[in-house]
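Take the sequence and the model side by side before reading on. The text below walks through the fold one part at a time.

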Amino acid sequence: VWHLKEPVPSSLVSWEQEHCIDLVRGDNQKAQASHQDAGSHCTIDVVDGANLTPQEFEEKFLSLRKPVLVRGAVSLWPSLRKWSTDYFVRNFGILNVWMGEIPYAPQFNLPGKQGPLAHYGRYVSMVENNQVPIQMKDKPIMYVFDNEILTSEGGKGLMNDISIPNLVSEFPWSIAQFMWGPPGSGAPLHHHQDAWNGLVFGEKKWWFYPPSEMISSTKISSDWNSPYYCTQSPGDFVYVPDSWSHAIYNSKFTSAVAIEFSYPNLAK
């Protein structure tokens with residue numbers, strides 16, 4: 001389950017603007033500095049996927065509820081060779097997906113809709129080729145974030161293009177999410193159960209807050225003032241622990257898969 005705040009009050013946006021202004025830096029100079037910092041290093045743990053066993057992952061990160069970026073953990077997925085705008089449209093264009101300003105936008109009274117993946121592919125092509133119509137230029141960036149396509153009959157091909165990493169393969173999973181969006185898309189600060197994210201193409205900037213500092217927002221930002229941040233590249237795996245607030249900013253055309261799962265040994 002994907003949470004901002006429960007229940008979501010109608011005044012959430014105005015509340016967030018009043019009380020979270022110190023967290024979001026609108027200053028372009030500060031945003032640029034943050035990107036440089038996040039791109040040069042991570043302040044969460046980073047390990048090489050080739051040298052991390054499932055037992056070590058559980059002992060050092062999962063059981064401690066500690067976020068980590070695992071370099072190259074999903075680098076052998078067929079999707080890294082296959083996924084593109086053309087591939088999505090040609091093979092899965094008739095399938096409906098959810099798209100909006102933020103993930104699950106309608107739940108938070110923000111614009112969002114369900115429509116054919118092919119329609120979104122045309123939108124991505126317009127953005128990529130700088131051909132967005134004038135009447136659309138001032139509208140929010142639309143982001144596909146869908147929790148149905150991967151487990152649908154028609155989406156089996158997409159699911160076959162990935163595999164559950166051996167680091168988490170023994171744990172039952174509940175929600176499989178497909179995401180695809182242009183630069184500037186992403187997810188605001190939110191939290192949920194344990195999850196992992198595998199990046200297929202593009203680049204994601206991440207910011208994290210521990211449960212003791214749980215924060216929520218409905219804003220996409222390229223610069224969150226958190227001491228915990230990282231940059232994810234294609235083939236990388238990010239583990240997000242239960243109840244850790246986190247935000248994501250796609251700095252390039254990006255597609256990824258995220259799966260929420262149950263770790264039964266939190267008291268371990």
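What follows goes from the whole chain to its salt bridges, then to a helix pair and a few single residues.

The model is predicted. Its protein chain has seven helices and 13 strands. Of the 268 residues in the protein chain, 51% are buried. Among the contacts in the protein chain with a separation of 6 or more, 83% are between residues 24 or more positions apart.

The salt bridges come next. Side chains of opposite charge can pair when their charged atoms come close. A search of the whole structure finds seven salt bridges, and three of them are taken up here, starting with the pair R65 and D242. The closest N and O atoms of D242 and R65 are 3.9 Å apart. D242 sits in the loop between β11 (237-240) and β12, and R65 in the loop between α3 (54-62) and β2 (68-71), so this salt bridge ties together parts that are 177 residues apart in sequence. R65 has a relative accessible area of 28% and is therefore partly exposed.

R71 and D236 form another salt bridge, with the closest N and O atoms at 2.5 Å. Here too distant parts of the chain are linked: R71 belongs to strand β2, D236 to the loop between β10 (228-232) and β11, and the two are 165 residues apart. The two partners can be set against each other by their accessibility. R71 is partly exposed, at 31% relative accessibility, whereas D236 is buried, at 4%.

K82 and D161 also meet through their side chains in a salt bridge, at 2.7 Å from N to O. This pair again links distant parts of the chain, with D161 in the loop between α7 (156-160) and β6 (173-181), K82 in helix α4 (residues 79-82), and the two positions 79 residues apart. D161 has a relative accessible area of 2%, which means that D161 is buried. K82, at 34% relative accessibility, counts as partly exposed.

D161 also leads to another residue of the helix that holds K82. S79 lies in helix α4 and is buried, at 0% relative accessibility. Leaving aside residues up to four places away in sequence, S79 touches D161, I162 and V200.

The next stop is a pair of helices. Two packed helices are described by the angle between their axes and the distance between the axes. The axes of helix α5 (residues 85-92) and helix α6 (residues 117-128) come within 9 Å and cross at roughly 160 degrees. Angles over 145 degrees count as roughly antiparallel, and α5 and α6 are therefore roughly antiparallel to each other. The crossing of α5 past α6 is left-handed. On the α5 side, T85, F88, V89 and F92 take part in the contact; on the α6 side, they meet L117, A118, G121, V124, S125 and E128.

Which residues does N147 touch, not counting residues up to four places away in sequence? They are Y104, I175, A176 and Q177. N147 itself is found in the loop between β5 (143-146) and α7, and is partly exposed, with a relative accessible area of 28%. With Y104, the link is a polar contact of 3.4 Å between the two side chains. With I175, the C-alpha atoms are 6.5 Å apart in space, although the residues are 28 positions apart in sequence.

The last region is around strand β12. H246 lies in this strand (residues 245-250). Is H246 buried or exposed? H246 is buried, with a relative accessible area of 2%. Not counting residues up to four places away in sequence, H246 touches P188, L189, H190, H191, H192, W206, W207, F208 and V240. The side chain of H246 also reaches the backbone oxygen of W244, at 2.9 Å.

W244 in turn leads to S212, as the two residues are 8.6 Å apart in space, C-alpha to C-alpha, and 32 residues apart in sequence. S212 is found in the loop between β9 (204-209) and β10. In contrast to the buried H246, S212 counts as exposed, at 68% relative accessibility.

Conventions
Residues numbered from 1 in each chain as written. Predicted model: local features only at pLDDT ≥ 70, side-chain atom pairs only at ≥ 80, totals over all residues. Heavy atoms only, no water. Helix = DSSP H or I, 4+ residues; strand = E, 2+ residues; numbered from the N terminus. Buried < 20%, exposed > 50% of the residue type's maximum accessible area, 1.4 Å probe, protein only. Polar contact = N/O pair within 3.5 Å; in protein donor to acceptor, adjacent residues only side chain to side chain. Contact = heavy atoms within 4.5 Å. Salt bridge = Lys/Arg side-chain N within 4 Å of Asp/Glu carboxyl O. Axes fitted to C-alpha atoms, helices over the stretch in contact; angles between N-to-C directions. Parallel < 35°, antiparallel > 145°, perpendicular 65-115°, else oblique. Left-handed = near helix turned anticlockwise from the far one by under 90°.
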